[in-house]
Amino acid sequence: MTEKALRLGTRRSKLAMAQSGQVADAVSQVTGRPVELVEITTYGDTSREHLAQIGGTGVFVAALRDALLRGEVDFAVHSLKDLPTAQHEDLVVAAIPEREDPRDVVVARDARKLTDLPRGARIGTGAPRRMAQLNAYARTHGMEIETVPIRGNVDTRIGYVRSGELDAVVLAAAGLNRVGRIDEVTDFLSVDTVLPAPGQGALAIECAADNASLIAALAELDDPFTRAAVTAERSLLAALEAGCSAPVGALADLLADGQIVKEMRLRGVVGTTDGSTLVQLSTTGPVPETHEAALALGRELATEMLAQGAAGLMGERAQ
């Protein structure tokens with residue numbers, strides 16, 4: 001008798017289906033059970049408002065979590081950057097697999113790089129974080145750009161460039177990798193130019209906190225380095241009291257000496273969307289061995305950023 005299929009809750013977008021399909025295959029391998037995708041529509045998928053207006057935090061997550069709590073699905077896959085930083089009391093992130101490329105990328109007309117864009121170029125992005133850093137970069141490099149708020153899936157966003165409505169759009173490399181469209185990228189943005197969203201490129205596999213056997217099985221897909229890095233990044237975000245629509249960028253990376261990983265560096269940025277003011281700091285310490293140590297790294301950097309005036313740049317503080 002074959003074991004009953006595990007039900008994986010996923011958003012319906014092409015990107016969500018692609019990343020959930022990859023997780024389904026991995027879960028099937030570690031559990032020996034078939035996995036079926038259960039498509040769920042979230043408020044963030046149906047609302048036409050800009051993310052900054054609908055609150056950002058959790059709009060893509062609530063419906064998936066509701067399905068988990070009602071027992072309609074056994075586990076769910078989220079883009080980690082969509083997940084609220086507060087821990088849900090009845091759910092647990094059982095695995096954070098190895099992270100994809102965390103960088104942001106440009107898809108521009110005529111295969112241009114960011115530095116080659118024409119004067120007055122219109123660049124589309126839905127993220128205040130990207131706007132803040134792109135505008136700051138333009139200011140310091142004598143470029144004239146206009147950042148234009150956009151929504152929609154990968155097809156829609158790249159469509160604005162193909163139709164000539166925009167000169168370029170900025171997207172996450174991880175998403176384009178997962179839907180097989182990385183070859184359309186015209187420029188990979190260095191993290192020194194634009195720090196990604198906290199948790200960008202990482203997935204979170206969430207299930208009910210009382211399902212011990214499933215938690216144990218899913219834990220085999222967990223990558224401890226990725227988990228430490230994104231825990232530090234999200235701790236920074238939480239300590240700044242910012243939702244996922246706030247203009248906060250963060251990246252923790254591992255500093256290695258040859259093959260030996262020695263330290264973790266955490267960088268954070270917060271700024272006004274016009275790029276006129278940025279607070280950008282970094283800290284380096286031992287690779288966190290525990291969840292608490294990773295949280296502490298994020299909190300320490302947030303404290304320094306707040307001392308430098310970060311709070312005043314956040315716009316609406318998340319409630």
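Two strands count as paired here if DSSP finds at least two bridges between them. Helices (H or I, at least four residues) and strands (E, at least two) are DSSP runs, numbered from the N terminus. The structure is a predicted model, so to speak with the usual filters: local features need pLDDT of at least 70, side-chain atom pairs count only at pLDDT 80 or more, and totals for chains, interfaces and linings use all residues. Residues are numbered from 1 along each chain as its sequence is written, and side-chain values use heavy atoms, with hydrogens and water left out.On the whole-chain level, the secondary structure comes to 10 helices and 13 strands. Of the 319 residues, 51% count as buried, where buried means under 20% relative accessible area, exposed over 50% and partly exposed in between (1.4 Å probe, protein chains only). Contact means heavy atoms within 4.5 Å. Among the contacts with a separation of 6 or more, 72% are between residues 24 or more positions apart.

One open sheet has 5 strands in the order β2-β1-β3-β10-β4, with mixed pairing. Its edges are β2 (35-39) and β4 (91-95), each of which pairs on one side only. From one strand to the next, the twist averages 35°. Angles run from 0 to 180 degrees between N-to-C directions, and axes are lines fitted to C-alpha atoms, for helices over the stretch in contact.

Strand by strand, β1 and β2 pair in the parallel sense over 5 bridges. Leucine 8 has leucine 37 in β2 as its bridge partner, and threonine 10 stands opposite glutamate 39 in β2. As for cover, 4 of the 5 residues of β1 are buried. On to β3 (residues 75-79): 2 bridges join this strand to β1 (residues 6-10), and the two run parallel. Glycine 9 stands opposite alanine 76 in β3. With β10 (residues 203-208), β3 runs antiparallel, joined by 5 bridges, and histidine 78 has alanine 204 in β10 as its bridge partner.

In a regular strand the side chains alternate between the two faces of the sheet. In β3, Phe75, Val77 and Ser79 point one way while Ala76 and His78 point the other way, and all are buried. That puts the count for β3 at 5 buried residues of 5.

A second open sheet of 5 strands follows the order β7-β6-β8-β5-β9, again with mixed pairing. Here β7 and β9 (187-188) are the edge strands, each pairing on one side only. Strand β9 is joined to β5 by 2 bridges, and the two run antiparallel. Valine 106 has aspartate 187 in β9 as its bridge partner. Helix α6 (residues 154-162) packs on the sheet and touches β5 and β8, with a direction at about 155° to that of β8. Helix α5 lies across β5, β6, β7 and β8 (168-172), running at about 175° to β7.

The loops around this sheet have a few details of their own. Aspartate 110 sits in the loop between β5 (104-108) and β6 (121-125). Although not a glycine, aspartate 110 has a positive phi of about 55°. Its relative accessibility is 65%, so aspartate 110 counts as exposed. Alanine 111 lies in the loop between β5 and β6 too, and its phi is near 55°, a positive value in a residue other than glycine. Alanine 111 is exposed, with a relative accessible area of 58%. Histidine 141 belongs to the loop between α5 (128-140) and β7 (145-149). With a relative accessible area of 46%, histidine 141 is partly exposed. Its C-alpha atom is separated by 8.8 Å from that of threonine 115, 26 residues apart along the chain.

Two packed helices are described by the angle between their axes and the distance between the axes. For α9 (residues 224-239) and α10 (residues 291-307), the angle is about 40° and the axes are 7 Å apart. That makes α9 oblique to α10; angles under 35 degrees count as roughly parallel, over 145 as roughly antiparallel, 65 to 115 as roughly perpendicular and the rest as oblique. The crossing of α9 and α10 is right-handed, meaning that the near helix is turned clockwise from the far one by less than a right angle (anticlockwise would be left-handed).

On the α9 side of this contact are Ala228, Thr231, Ala232, Ser235, Leu236 and Ala239, and among the α10 residues they meet are His291, Ala294, Leu295, Gly298, Arg299 and Met305. By class, the contact residues of the pair divide into 11 nonpolar, 4 polar and 1 charged. Nonpolar covers Ala, Val, Leu, Ile, Met, Phe, Trp, Tyr, Cys and Pro; Asp, Glu, Lys and Arg count as charged, and the others, Gly among them, as polar.
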